[in-house]
Amino acid sequence: MDTLPKPFDRRDSALILAHILFAFFALFLGGVAGLLQGLVRGGANALPFGIGYYQLLTAHGVLMALVFTTYFIIGFLYSGVARTLGTLLGLPRRLGWLGFGLMTTGTLWATVLILLNKATVLYTFYAPLKASPWFYVALVFVVVGSWMSGFGIFMQYRYWKVLHPGQTTPLFTFMAVVTMAMWLIATLGVAIEVLFQLIPWSFGWVETVNVVLSRTLFWYFGHPLVYFWLLPAYMCWYVVIPKVIGGRLFSDALARLSFLMFLLFSIPVGFHHQLMEPGISNVWKFVQVVLTFMVVIPSLMTAFSLFATFEMHGRSLGAKGLFGWLRKLPWKDVRFFAPFMGMLIFIPAGAGGLINASHELNAIVHNTLWVTGHFHLTVATSVALTFFGITYWLIPALTGRTLTPRMHRLGIVQTVIWLVGMLFMSGSMHTVGLLGSPRRTSFTTYQDHPDAVLWMPYHVAMAVGGTILFVGVLLMLFNIVTLLRAPKGRPEEFPIAEVSDAAEKAPALFERWGVWVGILVVLILVAYTIPVMDMLNHPGVGAKGFKTW
């Protein structure tokens, strides 16, 4: 008997929708900044009203890479926890709203300061570039707000465990707990940097800042930030996509193990972003590069599990030959098509990451547009397309509406537009980066230097790609409005895959959080204690603040 999907509690829907819709508001603002930035870099536009290129760069990075992702992820995690554990309790829901309020206050405050040219610090707020102290205070609101939301998820999980002793936690919730645990541990680094270095320095309470220590604390947070973006996409690939295609998850235990490995190996690896940084011993850079390459293992496990799921499903439908199962996949279903395209793009994106993490190859590409191209393949393609695919079924599931065939077609068109735009933009970035074109710079031909002139066709192609991507942003916003106004009928389900009958049960050890957090703490201490002590004992002369705009 066909039963209707269980509706969300309206109070939960309101909380989740608030996060999702604010995320796309940030995507729009960041998209405008990115479009103008691309046109300037391509030499096609002069900015009005005295707006600076580096203002746009900062706004684009903060709004799209930090605000859009964080809001969407928290909303998505709350939706899955509410679906798999039941209606949110009062306190977790209130913590969710408290987190939303704090983050929104901080985001709006920081955005205003960026637009006023008081915080043009190139997204990474890298010392010795100095912003208004209130920009750093605004960041504190954002980080603390995200902690409140994380505590709400932990409380809901803890309550469920008390009521269900000895039972294995639903896979989605397990993954949500790992993701938020990683976020809380990782943000401790940036919290220390902002509270004890950047705020006293920007207020003038201290004259100089220890730049190497500041950047080390930032990248302690900065690399796991990448996996904070990626793990929710992995959650969709593991838990949602098998249900969408009509199959079953290949292995529940393998999925849990891969997430625990991401937790262990994504944090103590920040030095691979500082391979060209003086003041850090090559020994400790080597240690963290080794740990960085360990992250490849759960990524390959994920690829194996996902494609095993696809092939098992295709074979069950009668697929023949080596790749016959590909024809059995639902290519006209945007819930599958958009995340699957993100999944495929992650193959070259991951390969680029291995290049960036290699000491010798990093020396070639480090300060070039290659790195920006890699970044756009990972977060702006693999992650963004997966989030778009989630949105097409999550909004109807929250609002009790139907995902119509027309919406599937519009979603697939939007996905293709995004892929084409990124092919132009990221492809050009990778290519011209290998030719030596630097990142973080506005339009210039370096006094018509022959090399710089030869870079310009690629910069024009980047501007074309950015324009196509902005069309993709506008179509995505149109699709969201259409989803909110879709006909009410059979509500869309929240797809949660069942596990294959042949799969092994996950060991109870996987939820012994003291064990895994303890191992992580040991890895962090091994990777950071000696180099950080050396930075504290030999701080150098320090740096005064730079304002280059």
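Helix H12 is mostly covered in this predicted model: 30 of its 31 residues are buried. How far should a helix like H12, residues 369-399, span at 1.5 Å a residue? The expected figure is 45 Å, and the end C-alpha atoms are 42 Å apart, which agrees. The helix isn't perfectly straight, though, since H12 bends by about 30° at Ala384. Just past the end of H12 sits Gly400, with a positive phi of about 75°.

Phe388 is a good residue to click on in H12. Setting aside residues up to four places away in sequence, Phe388 touches Phe24, Leu27, Phe68, Gln414, Trp418 and Met476. Phe388 is also one of the residues with the most contacts inside the largest nonpolar core, along with Phe125, Phe135, Tyr136 and Trp229. That core has 186 residues. Which helix gives the largest share of this core? It's H6, residues 211-245, with 26 residues.

Now turn to helix H5, which covers residues 171-203. H5 has 33 residues and reaches 46 Å from its first C-alpha to its last, close to the 48 Å you'd expect at 1.5 Å a residue. There's a kink here too, of about 35° and centred on Val194. H5 is mostly covered, with 28 of its 33 residues buried. Right after H5, Gly204 takes a positive phi of about 85°.

Thr179 makes a handy bridge to the next stop. The C-alpha atoms of Thr179 and Phe262 are separated by 9.2 Å, although the two residues are 83 apart along the chain. Phe262 belongs to helix H7, residues 252-265. Is Phe262 buried or exposed? Its relative accessibility is 0%, so it counts as buried; the cut-off for that label is under 20%. What surrounds Phe262, leaving aside its neighbours within four places in sequence? Its contacts are Met182, Tyr227, Leu231, Tyr234, Val295, Pro298, Ser299 and Thr302.

Thr292 is found in helix H8, residues 282-294. With 10% relative accessibility, Thr292 falls under the 20% cut-off and therefore counts as buried. Once neighbours within four places in sequence are left out, Thr292 is in contact with Val269, His272 and Ala357.

The loops have some backbone geometry to check as well. Pro128 lies in the loop between helix H3 (90-115) and helix H4 (133-163). The peptide bond leading into it, from Ala127 to Pro128, is cis, with omega near 15°.

Another loop runs between helix H13 (405-434) and helix H14 (450-484), and Tyr446 has its place there. Tyr446 isn't a glycine, yet it has a positive phi of about 50°. Asp448 lies in the loop between H13 and H14 too, and Asp448 likewise has a positive phi, about 60°, without being a glycine. How exposed is each of them? Tyr446 is partly exposed, at a relative accessible area of 39%. Asp448 has a relative accessible area of 57% and is exposed, because the label exposed applies over 50%.

Time to zoom out. How many helices and strands are there in the protein? The tally is 15 helices and zero strands. The radius of gyration is 23 Å, close to the 24 Å that the globule rule gives for 549 residues, so the protein is as compact as a globular protein of that length. Along its principal axes, the C-alpha trace spans about 70 × 50 × 45 Å.

Contacts and surface fill in the rest of the overall picture. Take the contacts between residues at least 6 apart in sequence: 84% of them join residues at least 24 apart. Of the 549 residues, 61% count as buried. The accessible surface comes to about 22,100 Å², and 70% of that belongs to carbon and sulfur atoms.

Terms used. Residues are numbered from 1 along each chain as its sequence is written. This is a predicted model: local features need pLDDT of at least 70, side-chain atom pairs count only at pLDDT 80 or more; totals for chains, interfaces and linings use all residues. Side-chain values use heavy atoms; hydrogens and water are left out. Helices (H or I, at least four residues) and strands (E, at least two) are DSSP runs, numbered from the N terminus. The expected span of a helix is 1.5 Å times one less than its number of residues. The bend at a residue is the angle between axes fitted to the seven residues ending there and the seven starting there. Buried means under 20% relative accessible area, exposed over 50%, partly exposed in between (1.4 Å probe, protein chains only). A nonpolar core is a set of buried Ala, Val, Leu, Ile, Met, Phe, Trp, Tyr and Cys residues joined through side-chain atoms within 4.5 Å. Contact means heavy atoms within 4.5 Å. The radius of gyration is taken over C-alpha atoms; the globule rule is 2.2 Å times the number of residues to the power 0.38. Accessible areas come from the Shrake-Rupley method with a 1.4 Å probe; for residues, only the protein chains shown count as cover.
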